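Colleague: I have a model open beside its sequence, and I would like to learn how to read a few of its features. Could you take me through them one at a time?

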Amino acid sequence: MPEIDALFDSLNVRELLSGHDLDDPTTPLSAPDLRLLVNRLESHSLRIKSKVQSYLLAHHSEFSDLFSTCQDAVSRTRLISDDVSDVVQLVSDRPIDVEIREVVDEIREKTKEVRVKRESLGLVNAVVGVCEALRETKEALKCGGFGFAAERIREIKVVLRVGEEEEGEPVAYVLLRREWSDCFDEIQEVLAKFVETAVRFELDSRELRISYQLSVGETNGIALRTVLEAMEVIGMLDYGLAKAADSIFKHVITPAVTHSSTFFAVEDSCKTSGEVAEATLNLEQSLDHKTEDVDGDAIYSGVLTVVKFVCSSLCFGNVTWIHSFGRLTWPRLSELIISKFLSKVVPEDASKFADFQKVIERTSQFETALKELSFVSPSDSEGRLSKYAENVEVHFASRKKIEILAKARSLMLQCNFTIPQLIVRLLFSSEMCVVSEAASQLVHLVHKTLEDVCLSSARVGLEFYHAARDSILLYEAVVPVKLGKQISGINQAAVLLHNDCLYLFEEILGLAFEYRASFPSSIKEYAVFADIAPRFKLMAEEVLQRQVQLVISSLQEAIDSADGFQDTHQIKQFESAKFSVEQVVFSLEKVHLIWKPVLLPKTYKQSMRMVLESVFRRITRDILLLDDMAADETFQLQRLIHLMLENLSSLLGSLKSADDTSRPLDDLIPSLRKTRKLAGMSLLFVHLFSPWYWWLKLLDMPLKSITSAWGSGELFSCNYTRTEVQDFIKAIFTDSPLRKEWRKGSTNLMGKS
């Protein structure tokens with residue numbers, strides 16, 4: 001009602017009090033102003049009421065319709081409320097939601113059954129379709145319809161999802177896949193047989209024949225192209241062409257590489273009814289024999305002729321088929337060219353590397369031509385032949401490394417490790433040392449190799465550096481095995497091996513100091529030899545220690561035959577002990593003759609001192625362990641000791657001359673002084689006086705003198721212990737029957753004298 005709204009909007013209190021100043025909100029209204037305001041408001045209210053009444057009378061029909069509509073809405077609302085009350089009452093009396101749920105569940109089960117039956121029907125239809133397709137495939141295969149059979153095989157493979165098996169699949173699928181596999185194997189074998197009959201090599205005429213009309217069994221007139229197309233469809237090109245590729249590689253490609261100067265390939269064809277029925281490649285013998293194919297022209301041109309023939313006559317220019325044939329032959333072909341040609345024309349000297357550049361160019365052109373024919377895939381970035389040819393420095397170094405190792409091994413195997421050998425000066429001790437010819441030449445070879453490292457590029461130098469290290473390590477691996485039997489015995493080969501290891505040890509330590517400064521910078525960082533030097537030092541010590549232990553064991557066995565030097569007053573026992581002593585002396589002289597010419601003086605002295613110490617200690621110990629010695633027995637023991645010392649005089653003299661100090665020999669061999677003290681007086685005294693005085697010192701000293709010698713420390717300085725002296729006194733002075741008998745006999749003899 002816009003009229004009413006406008007009437008209310010026209011009501012303004014300011015206008016009703018227009019005569020009063022309303023700008024100041026703090027000014028209070030007076031009573032007259034308030035009465036005036038009330039009167040004016042009442043007047044304005046009467047006007048509003050009059051306007052509203054007039055508006056209602058003017059729109060009476062509209063308001064009547066509005067009120068009627070409202071009354072109808074209220075009536076319908078009441079009816080709906082009654083209906084809802086009835087529904088609520090009905091639900092409360094009977095649970096209809098349960099019935100609805102049961103109906104819904106039943107509908108769901110029925111729908112599921114229908115879906116399962118529909119899927120089962122679809123599976124049955126699919127199985128029937130696959131079975132029918134397999135049957136048609138087998139029939140087509142029998143009739144020579146290889147194209148149709150191959151397409152069917154591929155389609156069935158997709159349907160059966162071969163290679164995508166899942167758990168819980170129907171058994172029918174498993175059985176069908178098995179039948180498909182049998183069918184695939186059958187067609188694969190059949191197609192492979194056709195290809196095998198298509199490619200033949202006549203050994204007598206040296207001809208490679210490729211037939212285009214094929215027959216196998218009762219199946220005739222099958223085109224080679226059809227067979228290859230079927231093989232491509234089912235994905236068996238590599239399998240089908242494997243035998244043909246192997247035959248061509250063996251009978252055609254290999255001769256083209258290994259006998260390039262003797263044979264050349266000539267292509268020919270045979271037509272029947274205007275169509276090419278057979279293609280032939282003849283390997284004819286060349287009348288113009290080349291002595292050497294230095295640049296590889298004959299090899300590469302001959303192989304290219306064969307490859308072009310295969311690409312056009314067997315693969316019909318089909319890129320996929322050519323790729324397959326290339327995958328089967330290219331790895332072997334590249335290795336054959338490397339082993340039979342490239343590796344043999346690698347320069348033997350670095351100055352000839354420039355002449356090898358033409359080989360690199362021809363090799364690169366050959367590989368490019370193969371890629372253009374699609375024989376080698378353009379994506380094949382390996383470039384096997386080109387990479388090998390471009391890395392000629394490495395191959396040169398590798399071949400030199402093999403030659404160096406072969407020479408080092410030959411030196412070791414041919415050396416007999418016997419005297420006379422070479423005399424060298426040790427690097428750090430400056431002593432002269434006898435070494436084997438193998439060790440001397442090995443060191444010379446290593447020095448020569450390291451000199452080449454200093455003059456070579458980084459890559460070549462690295463190979464030479466490893467060759468030098470490996471040559472040294474080769475000695476450690478070869479020589480001990482070669483001398484296995486000699487090392488287990490007492491001979492000069494073993495001590496010569498000791499000298500070799502000592503010589504190599506010092507030479508290895510000096511290699512880095514001598515050459516490292518001249519090495520290429522990239523090799524300087526890790527070129528070391530000190531890590532392998534201790535191994536030879538340890539080997540030298542082990543070999544020498546083993547020799548010393550072998551000698552000591554042999555001498556101990558000889559002393560064992562003396563039976564502890566018991567009862568030597570009896571002739572039989574004395575002769576046995578004397579033989580034992582003579583065996584010891586003989587063995588020591590033999591060791592002296594073996595060691596003295598070979599070992600360094602200091603090493604000889606130390607080793608022989610250990611051996612003699614063990615001998616004197618053992619003999620002295622056995623004598624001191626005797627619990628009863630008759631006078632004659634002491635006399636015989638004294639004779640045995642003096643016999644041994646007299647026979648060893650030259651050997652003991654050699655030890656004294658080998659010593660670089662002024663120390664007496666008794667200090668170098670502690671048990672020697674002990675043995676001499678036990679034996680009695682010196683050899684000169686033995687020769688000057690009668691045999692009755694051979695018992696002087698311990699074997700003939702009175703008890704008082706022995707105790708005085710112990711008290712003064714004389715016996716202690718000779719390494720005697722208190723227990724040994726006590727036991728010795730008991731053995732000598734115990735009033736045993738042997739001593740009584742001797743004392744009686746000696747008194748009578750002295751009286752007669």
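Modeller: We will go through a hairpin, a cavity and a helix in turn, bearing in mind that the model is predicted.

Colleague: Taking the strands to begin with, how many bridges join β3 to β4?

Modeller: Pairing is read from the bridges between two strands, and here three of them join β3, residues 213-216, to β4, residues 219-223, with the two strands running antiparallel. V216 stands opposite T219 of β4, and the two strands form a hairpin with two residues between them, where G217 in the turn has a positive phi of about 65°.

Colleague: Which residues line the largest cavity?

Modeller: A cavity is a space from which the probe cannot get out, and the count comes to three of 30 Å³ or more, the largest holding about 50 Å³ of space. Its lining is made up of L442, V443, V446, H447, I472, L504, E507, I508 and L511, with α15 (437-455) and α18 (492-515) each supplying at least two of these residues. By character, the lining divides into seven nonpolar residues, one polar and one charged.

Colleague: What span does helix α21 reach from its first C-alpha to its last?

Modeller: The idea is to set the span against the one expected at 1.5 Å a residue: α21, residues 571-595, has 25 residues and reaches 36 Å, close to the expected 36 Å.

Colleague: And which residues of α21 are buried?

Modeller: Taking buried as under 20% relative accessible area, the buried residues of α21 include F574, A577, V581, V584, L588 and W595, and also S580, S587 and H592.

Conventions. Residues are numbered from 1 along each chain as its sequence is written. This is a predicted model: local features need pLDDT of at least 70, side-chain atom pairs count only at pLDDT 80 or more; totals for chains, interfaces and linings use all residues. Side-chain values use heavy atoms; hydrogens and water are left out. Two strands pair if DSSP finds at least two bridges between them. Helices (H or I, at least four residues) and strands (E, at least two) are DSSP runs, numbered from the N terminus. On a 1 Å grid over the protein atoms alone, a cavity is a set of points where a 1.4 Å probe fits but cannot get out, and a pocket is an open set with protein on both sides within 12 Å along at least five of seven lines; lining residues have an atom within 4 Å of a point. Grid points are joined across faces, edges and corners, and a volume is the space filled by probe spheres set on the points. Ala, Val, Leu, Ile, Met, Phe, Trp, Tyr, Cys and Pro count as nonpolar, Asp, Glu, Lys and Arg as charged, and the others, Gly among them, as polar. The expected span of a helix is 1.5 Å times one less than its number of residues. Buried means under 20% relative accessible area, exposed over 50%, partly exposed in between (1.4 Å probe, protein chains only).
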